[in-house]
Amino acid sequence: MTDLFNPGEFRHDYILYPSVMPRFFSVFLILALSATAQDAKPDAPDFAREVLPILSNKCFVCHGPDAEEDEVRLDSYEGATVDLGGYKAIDPADLEKSELTFRIHDKDDPMPPEKAEKQLTDSERDVLTRWVKSGGKYEKHWAFVAPERTSNMERSTSNVEGGGNEIDFFVGKRLAEKELEPAKAASPNVLARRAALVLTGLPPEPEQLERFLKSGDYEALVDELLASSRFGEHQARYWLDAVRYGDTHGLHLDNKRGIFPYRDWVVKALNDGLAFDQFITWQLAGDLLPNPSLEHLTATGYVRMNPSTAEGGAIPAEFQAKNNFDRTENFGTVFLGMTLNCARCHTHKYDPILQREYYELMAFFNSTAESPMDGNAYVYAPVIEAPGSVSDWYQWEKLTAERDALLTKIDEQVDEEKAV
């Protein structure tokens, strides 16, 4: 066993903190891109893409979250349809009489007022007018809407040469709107090169390309690329960039730090096809699983990717907060696909993130067993020993499996002897 490990190279940090509930996580499918506009009237502009940017840029300064008590609110359907004393900004019963459309076209008393710094353009007035007359409906941003399959997402072969799938439907629909023709099908050589570059970051091997050109079996080529160790190495780059992986402390002396077993684990997890729910759960709370394994503990290195320091003038309490701000906001970026930074100081105006919720989430990352100062050390507690390379990980798994099999066999023999 000792031949596998070099304690000076593979000691690895891990974190202890409460588990984040699975409801925080979801995989946003590209199919959701059009989910909020599927049932809108043909003439209705897309609220999230066309209407909301105008309202937030030109109207919300007076009629948004910070509106005075007696001001009309345009940041919600309830606010826009409230009775203002015989009239409404948006009147569902008689859309033509909606005050909003009247005021944005009024020459004598326009909205925004003439003294306002930002004025509506003619095209923006047209968007708002069409929106109100089509019903004035408010919709959540697509990122906050659970994707649902509709009849429009049936497999489509009409817009794509040689057939297509659900994603091709949306691409084909947009091309048709722009009166553009789809590109011609790529040659086998180009297809092979694209697939190899996307999946492994490298062109296909000559022998690999030759096999594909002879067989024409594209799925077999993709399977071969996915089975390559280069797949995990290439895909891991994107994940490691997102979680701010670094082999140095990032501040002050910027010393090296022994965190690379986490990198190797990410490569291995991607090559092994680890399920996404496990991939994220192990990183966020692997140490809190029942009887956590070495992989579970190593995966929690994610939490300790933030820059660290032991600068003489640093205040530990300040860096305890800085470390956890970094962890909370990186969690938002990577796992929620949105910025949480604004909510550090105030409730986010245009996203449903309360300041209280920000600090509730930060409390998870604040329950650590580490010192906020790293001591300028290559490794700093808490640490564990882990394999020093991806190949060592597989050797470790082989040996532990053999060990477990032997222990099981011994237990069975003991039980048999007791029975006699």
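This note goes through the overall make-up of a predicted model, two of its helices and some of its salt bridges.

1. Basis. In this predicted model, local features need pLDDT of at least 70 and side-chain atom pairs count only at pLDDT 80 or more, while totals for chains, interfaces and linings use all residues. Residues are numbered from 1 along each chain as its sequence is written, and side-chain values use heavy atoms, with hydrogens and water left out.

2. Overall make-up. The protein has 16 helices and 2 strands, taken as DSSP runs numbered from the N terminus (helices: H or I, at least four residues; strands: E, at least two). Of its 420 residues, 37% count as buried; buried means under 20% relative accessible area, exposed over 50%, and partly exposed in between, with a 1.4 Å probe and protein chains only. The accessible surface comes to about 24400 Å², and 54% of that belongs to carbon and sulfur atoms; areas come from the Shrake-Rupley method with a 1.4 Å probe, and for residues only the protein chains shown count as cover. Among contacts (heavy atoms within 4.5 Å) with a separation of 6 or more, 64% are between residues 24 or more positions apart.

3. Helix α2. This helix covers residues 47-63, yet its end C-alpha atoms are only 17 Å apart, short of the 24 Å that a straight helix of 17 residues would reach. The expected span is 1.5 Å times one less than the number of residues. There is a bend of about 50 degrees at S56, the bend being the angle between axes fitted to the seven residues ending there and the seven starting there. At the N-terminal end, D46 acts as a cap, with a side-chain oxygen 3.1 Å from the backbone nitrogen of A48.

4. The link from α2 to α5. The buried residues of α2, including V51, L55 and F60, pack against α5 (122-133). K58 is also on the buried list, and its side chain meets that of E124 in a salt bridge (2.8 Å, N to O). A salt bridge here is a side-chain nitrogen of Lys or Arg within 4 Å of a carboxyl oxygen of Asp or Glu. Because E124 lies in α5 and K58 in α2, the pair ties together parts that are 66 residues apart in sequence. E124 has a relative accessible area of 17%, and K58 has 12%.

5. Other salt bridges. The count comes to 22. E177 and R174 form one of them (3.3 Å, N to O); they are 3 residues apart in α6 (residues 166-177), about one helical turn. E177 is exposed at 53%, whereas R174 is partly exposed at 49%. R344 and E329 form another (2.9 Å, N to O), with R344 in the loop between α14 (316-336) and α15 (355-366) and E329 in α14. R344 is partly exposed at 30%, but E329 is buried at 8%. K268, D272, E295 and E397 are joined into one network by salt bridges that share partners.

6. Helix α10. The 14 residues of α10 (229-242) should span 20 Å, and the end C-alpha atoms are 21 Å apart, which agrees. A kink of about 30 degrees is nevertheless centred on A236, one of the buried residues of this helix. Those buried residues pack against α7 (188-200), α9 (218-227), α11 (260-272), α12 (276-285) and α14. S228 caps the N-terminal end through a side-chain oxygen 3.1 Å from the backbone nitrogen of R230. Just after the helix, R244 takes a positive phi of about 55 degrees.

Technical notes. A polar contact is a pair of N or O atoms within 3.5 Å; within protein, one must be able to donate a hydrogen and the other to accept it, and residues adjacent in sequence count only if both atoms are side-chain atoms.
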